[in-house]
Structures are given as C-alpha cells and as structure tokens.
Amino acid sequence: MTATMTAETSNDTRAYHLGEFHRFESAGAKFLYLVPAGAIFAVDTAVGKLISSLTPGELTHEQLVRDLAADGVEVEDAEELIQEMFHANVILDRHSKPDAPSKLPDTFPIQTLVMNLTNQCNLSCQYCYEFGADKLATPEGKPKFMDVATAKASVDFLLEQSGDRRSIHITFFGGETLMNFPLLKEVVAYGNQRAAEQERHIDFSLTTNATLLTPTIIEFLSQNNIGVTVSMDGPKEMHDHLRVFSNGKGSYDIIEPKVRALIQNHRTRPITARVTLTAGVSDVVRIFRHLKYDLGFAEVGFAPVTTSPNQLYAIQPSGMDSVLNQFHVLAEEYLEHALRGESHGFSNVSDTLAELCQGVNKSHPCGAGLGLLGVGPSGDIAPCHRFVDSDAHALGNIATGIDREKQSDFLNRGHIDSKYDCHTCWARPLCAGGCHHEAFVRYGDTGHPNLHYCDWIRDWTDTCLRIYGAIAAKNPGFLQQFAERKAS
C-alpha cells in the first residue's frame, strides 16, 4: 500500500483512519498483519496507543497528536510516530491508495511444467480427480502414454517460454508416473543437455503412488537428484480405505517396503508424503505420526479431497472442524521444534510460513496458467495437472503454442479482483479465493471463490501468523530458511 501526501493535504487538514489489518498476539507480543501489503508489523506501546485512538473512527492530525500526548507520548515523538505509521500503512488518510495485487503482465514466463507422462494408472483410487466421479478429463481418443517427440517438444517449450529464468522446473506426473519410466529417463537426459547448452538448470521432481518403485528406479532418482513425493494416506487401514487396485485390494502392503527402500536409498533429496483427507481418512495426527516417524518421510503435507459435497468420501463441516483441531496440535509441535531450531516436517505450516516471510499479496491462488502449466500425453496444454486432458480447459497444444485468449480468460476470471466475496477478507493475500479446480468442481466456475473454506482458511492463517510471531520473537534465525527458499 502506498501512502502519499498531496499538496492540498497538509498536516493541518489531514485526517487519519486505521488501515486494513488483522491483529494477533504471540509469545507475549502484539502484531499486525497488514492487508493487502502482506506484511507483519510488531506493535509496541506507542503504536498500540495510536491504534486505540483511531479505533472509534477518523481523527484529524491535530486531534491524533493531542490524543497521543494525553497518553504520555511526547509531541515530537507523536509526530514522528504518525509519519512512520502512515508510511507503513498502519494508518491512512482519505487520499491513500492501497496497493492492488499485480495486474496481468503481457507475457507469462513459465517457471514449472507438469508433464503427465501417462493418463493411465495401476490403482483405482475412488476419490481420484482424473478418473473418479468428479473427473474433468476427457481422454477418449487421445494417447494413453506421452511419446518421445511430444516429451522433447515439451522440454523445448518450457525453455522457450521461461524467459530469462536461469532455473526452471519439470514435475513428472500421471496417472501413475512410473508407468512411463523409460520416457522419464529420456526427458531427464534431454532436458539436462538442452539446459546446459543455454547455461541454465532444470530441476526435476515427480509424484508417484510408489507401487512400481524398484532398486534400479530408486538409484536413478537419487543419482539424478530428482525430488519425490509419494501419495500415501497413512497406516494400512486408512491408506487401503480408498487407495486400492481395480480388484478392490488395498495397496499399502505393496508400497510400504518400497517406500522404506526409497527413503533409505534416495540420498540426494528429502522424500515427502502427500495425504488426501477424506471422510474415512481424517485422523491427521495419527497419519502424520505414522508417515513421519514410522516410515521416515522428511515432510508430510495434507489436503482435503477435492470433490463435490455430495460424494460419500467428502469431508463434511464437522469433519473439517476436527481436521483443523488436529492441525492445531501439529502446529504447536511444529513451533516447539522451531524454537529449538529443529525441523518438524508438517509442511502445511512450512508452506504458509514461507509465504508470510515473502510478504506475498497474491493476485491468484497459485501459479496455474501463470508460472505453471500442465501438458498431457497428447501435448494439450492445461492450466495445471488437475485440468490435463480436459478439452473444456485446454489452453493450446505443445505443437501450436498457448492460446493466449483462453489463457487470459482463465487468469482474468481467477484474479482476486474478480472475486468480490474476497475483497473484505483479511486473509486474501495468501488465499486469493482458493483452488481453481476445486472452484470448478464445487461451483462450475474456475474463478469462483471457495466460500466453503473461508472460516477454515482464516483460522489456519491466524494460527500460522501466531507461529511466525513466536519464532520471530524467540528464534528468528529459523525463518532464514524461508528467505533462502524464495531466493532459490
């Protein structure tokens, strides 16, 4: 937010009101989360007095100085405080113009390409957004496996569309990614060669259900520094609830030894788990304990299933309240670890802390269609992996390029400016309305705000703010890793 003083607004005539912020307390200190700047501001006694003076309503400069002086603040200090708080946007005048989230640029350099190497999978997970009841994909008549020509064209596309970025990223996805492992190896070799020719770097990662892992594959992933996320939903009875083969048999017994081998033998990158929470699988604390401490994942992240509310596996409001309460338990553990300078592994906290440290003020919920694109086996381009193979959401093809009109339509509808329900929400800099895919499944419009999550998101954001405040007060060095994450 940029506060400016015009020629006609001297201190004699200026009147102030409070800016937009969310108050929170942590570790015995008071803080403000400034909206929409996305900044965090510590509140000392003098600032607290200033806020109290303006809480009832607008005051002129003279009135505000007089109120502060009556509270024991020297006049000279009051003048300085007012100016400081005005420039920090804690207080505003009638001429202040709040910073808006960034408008769409003319070009969109890509940072990440999600390559769906196949739309086939050897599991039949009932909640799958690609093959389940709420699927958007229309794969009929399209290749089931990406071929070498399409894959290499996709790498070239990323290099061409990434502007002057020196480091870019490819994530391998499916279906089940490892069903097309031979192509994955070719892409890694080709991508490294093409990037080296341009004195650039491609970082690789993949998501897998782990059923097809072998010692040879694990060794390749380790030798090539490929990040791995395993889709896994907890102990046997929870994982096998919905993550099953086509015959209905659970997959836990198959993947458990493979996961242990992966974690033990992949020596170059930490291995992470991604949990999909459903009505039958929502014991967050137990799931975390099993994946982190029994199996040894470095980090575990949770996401509620993306689905329409009438599906049997959808989590109902009472269930989401339980999930949030369990998130709070793990968040407290995370804080205890952080204050000792130790990693905890609950990535839902880490991801939010990273955004708080970066002071994000999102125009869009994520990079879908902007810094990130998905590409399917046919070469069709999608806003992200969740829209791959959906004709209705295709943004072009690798062979013909991006359809800029469709891309702009997707991004304009998803921009926070278009989500009027969000404009008075203090958490909007981090949320920006929520997942495009969930919005379409729930409301039939990728630009619709995810209103069913609003209270949940505000509560969770407040929790992470309090964790941030406590770490900043007691062990600020711990937060440096998030600045380094941004720099990388």
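## Exercises on helix H9 and a surface patch

In this predicted model, His290 sits in helix H9, which covers residues 284-295. Let's work outward from there.

**Exercise 1.** Decide whether His290 is buried or exposed, and find which residues it touches.

*Solution.* Start with the relative accessible area of His290, which is 11%. The cut-off for buried is under 20%, so His290 counts as buried. Next, look for contacts, leaving out residues up to four places away in sequence: His290 touches Gly234, Pro235, Tyr252 and Leu295.

**Exercise 2.** Compare the span of H9 with the expected value, then work out what its buried residues pack against.

*Solution.* First, count 12 residues in H9. From first C-alpha to last, H9 reaches 16 Å, close to the 16 Å expected at 1.5 Å a residue. Second, pick out the buried residues of H9; among them are Val284, Ile287, Phe288, His290 and Leu291. Lys292 also belongs to this buried set. Third, follow the packing: the buried residues of H9 lie against helices H7 (236-242), H8 (252-265) and H10 (317-339), and against strands E11 (272-277) and E12 (299-304). Finally, step just past the helix, where Gly296 takes a positive phi of about 100°.

**Exercise 3.** Place Phe145 in the fold, classify its exposure, and name its patch partners.

*Solution.* Begin with location: Phe145 is in the loop between strand E7 (112-116) and helix H4 (148-161). Its relative accessibility is 36%, so Phe145 is classed as partly exposed. Now add the partners: Phe145 joins Met179 and Leu212 in a nonpolar surface patch, and together the three have about 220 Å² of accessible area.

Definitions and conventions. Residues are numbered from 1 along each chain as its sequence is written. This is a predicted model: local features need pLDDT of at least 70, side-chain atom pairs count only at pLDDT 80 or more; totals for chains, interfaces and linings use all residues. Side-chain values use heavy atoms; hydrogens and water are left out. Helices (H or I, at least four residues) and strands (E, at least two) are DSSP runs, numbered from the N terminus. Buried means under 20% relative accessible area, exposed over 50%, partly exposed in between (1.4 Å probe, protein chains only). Contact means heavy atoms within 4.5 Å. Patches are made of residues with over 30% relative accessible area and no salt bridge: like charges are joined within 9 Å, nonpolar side chains (Val, Leu, Ile, Met, Phe, Trp, Tyr) within 5 Å. Accessible areas come from the Shrake-Rupley method with a 1.4 Å probe; for residues, only the protein chains shown count as cover. A salt bridge is a side-chain nitrogen of Lys or Arg within 4 Å of a carboxyl oxygen of Asp or Glu. The expected span of a helix is 1.5 Å times one less than its number of residues.
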